[in-house]
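Work through the following exercises with the sequence and the model open side by side. Each task is followed by a solution that goes step by step.

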Amino acid sequence: MVQKKTRLDFLEMKKKGDQATWITAYDFPTASFAEKAGIDMILVGDSLGMVVLGYQGTIPVTMDDCISHCQAVRRGAPNTFCIGDLPFLSYQISYEEAVRNAGRFLKEADMDAVKLEGGLRVCPQIKAIADAGILVMGHIGLTPQSSGQLGGFKAQGRDAASARELIKDALAIQEAGAYALLLEAIPPELTTFIAKKLTIPVYGIGAGGPCDGQLLICGDMLGLFQAFTPKFVKKYANVAEIETNAFKEYIKDVKTGAFPADEHCYHILKGKEEEFYEMLKEFM
Ligand code: KIV
């Protein structure tokens, strides 16, 4: 059985330059395959809105959606460090709500940590959650929940002025008590600078490297999510094609009578056949 990693293991990995591996998962089977493969961490991202619930973005995702998917993931990966993602409006309204909702991930879904999006403007929430004894991770760069303000799903920090703001955000997040930081869709030069500057682990998605580890969305890397594929994704499988072909084969087999075959059937018990056919006569 694998031993679940802790915050201290991730700090040690940073010190040693050992890259942490991280994917998103939203369901029991994906989580169990990831744990079996030896992944270091799982994020139950609010990207579940797009990848599994079919929304256009992450805004409609609710706390109850997140909790239910976190519970399934925890059942599938009992020995993996799992992070729950605070959805839109679960932490912006008040510090009290931020702490209560962060706590739900631990109490109801046995998550190890939570993540929230934003820089300086959410540092009071990060501090409140950390002060409640909860591991909290920051997330800056391309922050999907505020993609409207960013003008879409666009890379960030590509000039000196916006890169400076991101460095200030990163430092403030560490100061507020976050145990780790995720950088999304920023230039690798900036990622590497921030990862070296901060003492907490700094992970990237679409942020190049080196930093302290990489995250990919399972729907992207498995080839499940069809709406679009960001530039930074490497596809390791085409599960959509595998599933579609399997469904097509099944349809063909049923239409032609090739399925079900004898090996898929439960026959009348041996020695009970005669009695069975006699019984049928009662209805003829
Ligand atoms: O919800 C999610 O999967 C995320 C990633 C986009 C980083 O927050």
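A polar contact is a pair of N or O atoms within 3.5 Å. The model used here is a predicted one.

**Exercise 1.** Determine which side chains place a polar atom within 3.5 Å of an oxygen atom of the ligand.

*Solution.* Begin with the residues that surround the ligand, among them Thr24, Asp46, Asp85, Lys115, His139 and Glu184. Next, look at the distances: a polar side-chain atom of Asp46 is 2.8 Å from a ligand oxygen, the corresponding distance for Lys115 is 2.9 Å, and for Asp85 it is 3.0 Å. Each of these values falls within the cut-off of 3.5 Å, so Asp46, Lys115 and Asp85 qualify as polar contacts. As for the surroundings as a whole, the protein covers 96% of the 260 Å² of accessible area that the ligand has on its own.

**Exercise 2.** Describe where the ligand sits and how the residues of its shell divide by character.

*Solution.* First, locate the site, which is the largest pocket. Then sort the shell around the ligand, which gives four nonpolar, four polar and four charged residues. Leu43, Leu182, Leu215 and Ile217, which belong to this shell, count as nonpolar, whereas Asp46, Asp85, Lys115 and Glu184 count as charged.

**Exercise 3.** Classify the aromatic pair of Phe153 and Phe228, and state which parts of the chain the pair ties together.

*Solution.* The structure holds seven aromatic pairs. In the pair of Phe153 and Phe228 the ring centres are 6.2 Å apart and the planes make an angle of 50°; this angle is neither under 30 degrees nor over 60, so the pair counts as tilted. Phe153 belongs to the loop between helices H7 and H8, and Phe228 to the loop between H10 and H11, so the pair links parts that are 75 residues apart in sequence.

**Exercise 4.** Find where the backbone departs from what most residues and peptide bonds show.

*Solution.* Most peptide bonds are trans, and most residues other than glycine have a negative phi. Gly209 and Pro210 are joined by a cis peptide bond with omega about 0°, and Pro210 lies in the loop between strands S7 and S8. The bond from Phe259 to Pro260 is cis, with omega near 0°, and Pro260 is in the loop between H11 and H12. Finally, Asp110, in the loop between H5 and S4, has a positive phi near 55°.

How values were computed:
Residues are numbered from 1 along each chain as its sequence is written. This is a predicted model: local features need pLDDT of at least 70, side-chain atom pairs count only at pLDDT 80 or more; totals for chains, interfaces and linings use all residues. Side-chain values use heavy atoms; hydrogens and water are left out. A residue is near a molecule or strand if one of its heavy atoms lies within 4 Å of it. A polar contact is a pair of N or O atoms within 3.5 Å; within protein, one must be able to donate a hydrogen and the other to accept it, and residues adjacent in sequence count only if both atoms are side-chain atoms. Accessible areas come from the Shrake-Rupley method with a 1.4 Å probe; for residues, only the protein chains shown count as cover. On a 1 Å grid over the protein atoms alone, a cavity is a set of points where a 1.4 Å probe fits but cannot get out, and a pocket is an open set with protein on both sides within 12 Å along at least five of seven lines; lining residues have an atom within 4 Å of a point. A molecule sits in a cavity or pocket if more than half of its atoms lie within 2 Å of its grid points. Rings of Phe, Tyr and Trp (its six-membered ring) pair if their centres lie within 6.5 Å; planes under 30 degrees apart count as stacked, over 60 as edge-to-face and the rest as tilted. Helices (H or I, at least four residues) and strands (E, at least two) are DSSP runs, numbered from the N terminus.
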